[in-house]
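Me: Please give me a close look at one part of this structure, the pairing of its strands, and then at what lies around that part. I am in my first year, so plain wording would help.

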Amino acid sequence: MPASWQVVDSRTRFDARVISVRTETVRMPGDEVADRDYVVHPGSVAVVALDEDDRVLLLRQYRHPVRRLLWELPAGIRDVKDEPLVECAARELAEEASYRAKTWHTLLDIYTSPGMTDERIRIFLARDVSEIPESENTFVRRHEEVDMPVVWVPLAEAAQKALTGMIHNAPAVAGILAAYAALSDGFAALRPADAEEA
């Protein structure tokens, strides 16, 4: 539920292209105050793309902070002002994987690590997917995205890989397990793609 304790002081410690780090002095219960440091983040989207055989699209991407190649969902930062989240997700699916989808639902809303960042991720379920023809794809991949293999993994196998520690990326684990659970009723309980963030 929404709540906000009184902020007595707020200082930006670091400012970068995507994130900043802030220290806020917060009045706690019992009238004590304490500093809380956290990363300010614009938020992200991620996409569980399923094909007609209930296979999930995964990417293998290098993540420098953990020095690992991780299996991930197509995902990206909310970096276009006022862009509807489903459009941001569709753009990321096209840019990172060269796929598009006709059917979109909201799968999950998560905070990645609420003790240290305000980052929110809206995870979508995308179905009725098709590959974007090369002639229509004008996006130029750079940096970590240059050499990201795209693989299709059966959803049940991907869920098993998450449970056995072979998939570590938090939105991928959450999205895969949620899609696997939602498959049981044919995704009937999912929210519409434009649902308000929970």
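Reply: Two strands count as paired if DSSP finds at least two bridges between them. The model is predicted. With that in mind, start with strand S9, residues 120-131. Strand S8, residues 99-111, is joined to S9 by 11 bridges, and the two run antiparallel. To find one of these bridges in the view, look for Ala101, whose partner in S9 is Val129.

S9 also pairs with strand S4, residues 44-49, through 6 bridges, and here the strands run parallel. One of the pairs to look for is Ala49 with Ala126 of S9. S9 is thus antiparallel to S8 and parallel to S4. In general, strands of a sheet pair through backbone hydrogen bonds, and either direction is possible.

One residue of S9 deserves a separate look. Asp128 is found in this strand, and its phi is positive, about 55°, although it is not a glycine. For comparison, most residues other than glycine have a negative phi. Asp128 has a relative accessible area of 46% and counts as partly exposed, because it falls between the 20% limit for buried and the 50% limit for exposed. Asp82 is another residue with a positive phi, near 65°, and it too is not a glycine. Asp82 sits in a loop, between strand S7 (75-77) and helix H1 (85-97). Its relative accessibility is 70%, so Asp82 counts as exposed.

Now go to the start of the chain, where hairpins can be followed one after the other. Strand S1 covers residues 7-15. S1 and strand S2, residues 20-27, run antiparallel and are joined by 7 bridges. The hairpin between S1 and S2 passes through 4 residues. Asp9 has Thr25 of S2 as its bridge partner. S2 then pairs with strand S3, residues 33-40, by 8 bridges, again antiparallel. This hairpin has 5 residues between its strands, and Gly30 in the turn has a positive phi of about 85°. Val26 stands opposite Ala34 in S3.

Arg11 gives a view of this region from a single residue. Arg11 lies in S1 and is partly exposed, with a relative accessibility of 25%. Apart from neighbours within four places in sequence, Arg11 contacts Val21, Arg22, Thr23, Thr25 and Asp35. Thr25, one of these contacts, is also the bridge partner of Asp9. Val40 is 29 residues from Arg11 along the chain, and their C-alpha atoms are 12 Å apart.

A further group of strands forms an open sheet of 3 strands in the order S6-S5-S10, with antiparallel pairing. S6 (68-72) and S10 (150-154) stand at the edges with a single partner strand each, so one side of each has no neighbour in the sheet. From one strand to the next, the twist averages 35°. S5, residues 55-63, is joined to S10 by 5 bridges. Val56 is paired with Val153 of S10 in one of them. Helix H2 packs on this sheet, touching S5 and S10, and its direction makes about 95° with that of S10.

H2, residues 155-163, also meets a second helix, H3, residues 170-182. The axes of H2 and H3 come within 9 Å and cross at roughly 135°, and the two helices are therefore oblique to each other. The crossing of H2 past H3 is left-handed. On the H2 side the residues in contact are Leu155, Ala156, Ala158, Ala159, Ala162 and Leu163, and on the H3 side Val173, Ile176, Leu177, Ala179 and Tyr180. These residues divide into 11 nonpolar, no polar and no charged.

Last, the whole chain. There are 3 helices and 11 strands, and along the sequence they follow the pattern β-β-β-β-β-β-β-α-β-β-β-α-α-β. The C-alpha atoms fill a box of roughly 55 × 40 × 35 Å along the principal axes. Of the 198 residues, 40% count as buried. Among contacts between residues at least 6 apart in sequence, 59% join residues at least 24 apart.

Definitions and conventions
Residues numbered from 1 in each chain as written. Predicted model: local features only at pLDDT ≥ 70, side-chain atom pairs only at ≥ 80, totals over all residues. Heavy atoms only, no water. Axes fitted to C-alpha atoms, helices over the stretch in contact; angles between N-to-C directions. Parallel < 35°, antiparallel > 145°, perpendicular 65-115°, else oblique. Left-handed = near helix turned anticlockwise from the far one by under 90°. Contact = heavy atoms within 4.5 Å. Nonpolar A, V, L, I, M, F, W, Y, C, P; charged D, E, K, R; others polar. Buried < 20%, exposed > 50% of the residue type's maximum accessible area, 1.4 Å probe, protein only.
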